[in-house]
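Got the viewer open? Let's take a walk through this one, a selection at a time.

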Amino acid sequence: VFVSSILAWQGVPLQGHYGATKAYIQSLGEALHAEWSEQGVDVLVAAPGPVATNFGKQAGMNQAKADDAVEVAREIVESLGRKRTVVPGKLGKLLTGLLATAPRALRIRIMANVIRGSLPS
């Protein structure tokens with residue numbers, strides 16, 4: 001199981017390095033899934049949105065809304081062997097759905113506003 005993020009699918013101002021590493025993980029996991037599935041090896045990429053962990057606090061971010069970590073983990077485990085990528089959690093699914101049809105440039109601007117709003121003033 002590779003842990004990516006919904007931030008892997010577009011540039012993320014103020015979180016460029018984080019988003020880029022998650023994009024790498026997403027791409028690597030998808031490739032390994034394709035390469036290894038014929039040998040019976042399950043590879044899953046989990047791309048959650050905000051999750052209620054200590055990450056936000058450590059990063060100095062306000063994550064007032066976040067998916068429950070146990071629910072996210074449960075959904076990831078249940079998806080192993082069934083999917084290539086899972087977006088676990090209700091908030092992750094909602095955010096992914098809302099951004100899916102937006103042009104990439106608009107997604108980048110939206111994510112810049114989201115990140116700015118989560119950082120301390």
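Which residues of α3 are buried? Select Val 72, Ile 76 and Ser 79 and you have them. They sit on the same side of α3, because the arc they cover around the axis is only 70 degrees. Keep in mind along the way that you are looking at a predicted model.

**Around α3**

Now show what lies under that buried side: the buried residues of α3 pack against β2 and β3. Flip to the face turned away from it and you'll find Val 70 and Val 77, both exposed. The general rule helps here: with 3.6 residues a turn in an α-helix, residues three or four places apart point the same way.

Next, go to the N-terminal end of α3 and select Asp 68. This residue caps the helix, with a side-chain oxygen 3.2 Å from the backbone nitrogen of Val 70. Then look past the helix to Gly 81, which follows α3 and has a positive phi, near 85 degrees.

One more stop on this helix is Glu 71, which lies in α3. Glu 71 is partly exposed, at 46% relative accessible area. Draw a distance from its C-alpha to that of Val 51: the two residues are 20 apart along the chain, and the atoms are separated by 9.6 Å.

**The sheet**

Switch to a cartoon view and pick out the strands. There is an open sheet of three strands here, in the order β1-β2-β3, and the pairing is parallel. The edges are β1 (2-3) and β3 (85-86), each of which pairs on one side only. Zoom in on β1 and β2 (residues 45-46), which pair in the parallel sense over two bridges. Select Phe 2 and look across to β2: the residue opposite is Val 45.

**Along α1**

Select residues 16-36 to light up α1, a helix of 21 residues. From first C-alpha to last, α1 reaches 30 Å, close to the 30 Å expected at 1.5 Å a residue. Now color its buried residues: Gly 19, Lys 22, Gln 26, Gly 29, Leu 32 and His 33. They share one side of α1, since they cover an arc of only 160 degrees around the axis. Note that Lys 22 and His 33 are on that buried list.

What covers them? Among the elements over the buried residues of α1 are β1, β2 and β3. Turn the helix around and the face pointing away from the buried side shows His 17, Tyr 24 and Ala 34, which are exposed.

**A buried glutamine**

Step into the loop between β1 and α1 and select Gln 10. Is Gln 10 buried or exposed? At 5% relative accessibility, Gln 10 counts as buried. Show its side chain as sticks and follow it to two partners. One is the backbone oxygen of Ile 6, which the Gln 10 side chain reaches at 3.4 Å. The other is the side chain of Arg 107, in a polar contact at 3.3 Å.

Then show what else surrounds this residue. Leaving aside neighbours within four places in sequence, Gln 10 is in contact with Leu 99, Arg 104, Arg 107, Ile 108 and Met 111.

**Over to α4**

Leu 99 makes a handy bridge to the next helix, being one of the buried residues of α4 along with Leu 91 and Gly 92. Look down the axis of α4: its buried residues fall within an arc of 100 degrees, so they line one face of the helix. Add α5 (104-118) to the view, as the buried residues of α4 pack against it. On the other side of α4, Lys 90 and Ala 100 are exposed.

**Last stop: the salt bridge**

How many salt bridges does the structure hold? There is one. Select Glu 75 and Lys 93, whose side chains meet at 2.4 Å, N to O. Glu 75 lies in α3 (residues 69-79) and Lys 93 in α4 (residues 90-100), so the pair ties together parts that are 18 residues apart in sequence. Turn on the surface and check the two ends. Glu 75 is partly exposed, with a relative accessible area of 22%. Lys 93 also counts as partly exposed, at 39% relative accessibility. As a general point, side chains of opposite charge can pair when their charged atoms come close.

Definitions and conventions: Residues numbered from 1 in each chain as written. Predicted model: local features only at pLDDT ≥ 70, side-chain atom pairs only at ≥ 80, totals over all residues. Heavy atoms only, no water. Pairing = 2+ DSSP bridges. Helix = DSSP H or I, 4+ residues; strand = E, 2+ residues; numbered from the N terminus. Expected span 1.5 Å × (residues − 1). Buried < 20%, exposed > 50% of the residue type's maximum accessible area, 1.4 Å probe, protein only. Arc of directions from axis to C-beta. Contact = heavy atoms within 4.5 Å. Salt bridge = Lys/Arg side-chain N within 4 Å of Asp/Glu carboxyl O. Polar contact = N/O pair within 3.5 Å; in protein donor to acceptor, adjacent residues only side chain to side chain.
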